[in-house]
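Open the model in your viewer and keep the selection tool at hand. Each stop below says what to pick and what is there.

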Amino acid sequence: MGYSVKIKNSKIIPKESDIVRQICKYLQAKGEFFWRHNNVGVFSKKANAYLKPRYGIKGVPDIFWIKQKMFCAIEVKSESGKVSGDQENFRFQWESRGGKYLVVRSLLELINQKYISEVKVVAV
């Protein structure tokens, strides 16, 4: 599977979906416990539309990662991507319950962040 990019001012800008894929491949290679959360509903031929889950929450991040009782929610954004209001609300709810919420723009940014070691420990 190849990567798709945008080119802006002679600079290659990877798409968010490709950054998510890179992070997932990295976490998998490291043997981490994580999952990719797909935010698109199930397509209904009858309704000719995507149906949202009944108990779904808006603003759910792209990846969840549990490491040594640390609960991380990872939202991936491209270089120009912005966190939405729903994502900010999810972040507030997540962090107020002891979770760590990360917004990253590349795999390298995730790897290099000191906050990985600072993630709060919460009871399982």
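The tour goes from the whole chain to the sheet, the cores, the aromatic rings and two loops.

**Stop 1: the whole chain**

Start with everything shown as a cartoon. This is a predicted model. Three helices and eight strands make up the chain. Colour from the N terminus onward and you can follow the order β-β-α-β-β-β-β-β-α-β-α.

Now switch to a surface. About 8,700 Å² is exposed, and carbon and sulfur atoms supply 55% of that area. Of the 124 residues, 31% count as buried. Turn on contacts between residues at least 6 apart in sequence: 56% of these join residues at least 24 apart.

**Stop 2: the open sheet**

Select β3, β6, β7 and β8. In which order do these four strands lie in the sheet? The order is β3-β6-β7-β8, the sheet is open, and the pairing is mixed. Residues 33-36 (β3) and 100-104 (β8) are the edge strands, each paired on one side only. On average, neighbouring strands here are turned by 20° against each other, direction ignored.

Zoom in on β6 (residues 63-67) and β7 (residues 70-76). These two strands run antiparallel, joined by five bridges. Pick Trp65 as a marker: its bridge partner in β7 is Cys72.

Next, add α2, residues 85-96. The helix lies across β6, β7 and β8. Against β8, α2 runs at about 145°.

**Stop 3: the largest nonpolar core**

In soluble globular proteins, nonpolar side chains tend to be buried together. Show side chains for Ile23, Ile63, Trp65, Ile74, Val76, Val104 and Leu110. Within the largest nonpolar core, which has 15 residues, these seven touch the most other members.

Which elements each supply at least two residues of this core? They are α1 (16-29), β6, β7, β8 and α3 (107-112). The top contributor is α1, with five residues.

Centre on Ile74 and leave aside its neighbours within four places in sequence. Ile74 is then in contact with Pro61, Asp62, Ile63, Trp65, Leu102, Val104 and Leu110.

Now look for a second core, separate from this one. It has five residues, among them Phe64, Ala73, Phe90 and Tyr101.

**Stop 4: the aromatic rings**

Select Phe33, Trp35, Phe64, Phe90, Trp94 and Tyr101. Together these six residues form one aromatic cluster. The structure as a whole holds seven aromatic pairs.

A pair of aromatic rings is described by the distance of the centres and the angle of the planes. Try that on Trp35 and Phe64. Their ring centres are 5.4 Å apart and their planes meet at 25°; stacking requires planes under 30 degrees apart, so the pair is stacked. The two rings link distant parts of the chain: Trp35 sits in strand β3 and Phe64 in strand β6, 29 residues apart.

Are Trp35 and Phe64 buried, partly exposed or exposed? Trp35 has a relative accessible area of 37%, which makes it partly exposed. Phe64 has 9%; the limit for buried is under 20%, so Phe64 counts as buried.

Move to Phe90 and Trp94. This pair is stacked too, with 5.7 Å from centre to centre and 20° between the planes. Both residues belong to helix α2 and lie four residues apart, about one turn of the helix. Phe90 is buried at 10% relative accessibility. Trp94 is partly exposed at 22%.

**Stop 5: two loops with positive phi**

Open the backbone torsions. Which phi value does Asn48 have? It is positive, about 55°, although Asn48 is not a glycine. Asn48 is in the loop between β4 (42-44) and β5 (49-51). Its relative accessible area is 61%; values over 50% count as exposed, so Asn48 is exposed.

End at Lys69, in the loop between β6 and β7. Lys69 is not a glycine either, and its phi is positive at about 65°. With 48% relative accessibility, Lys69 counts as partly exposed.

Definitions and conventions:
Residues numbered from 1 in each chain as written. Predicted model: local features only at pLDDT ≥ 70, side-chain atom pairs only at ≥ 80, totals over all residues. Heavy atoms only, no water. Pairing = 2+ DSSP bridges. Axes fitted to C-alpha atoms, helices over the stretch in contact; angles between N-to-C directions. Contact = heavy atoms within 4.5 Å. Phe/Tyr/Trp six-rings, centres within 6.5 Å; stacked < 30°, edge-to-face > 60°. Buried < 20%, exposed > 50% of the residue type's maximum accessible area, 1.4 Å probe, protein only. Areas by Shrake-Rupley, 256 points an atom, 1.4 Å probe, with all protein chains shown as cover. Core = buried A, V, L, I, M, F, W, Y, C linked by side-chain atoms within 4.5 Å.
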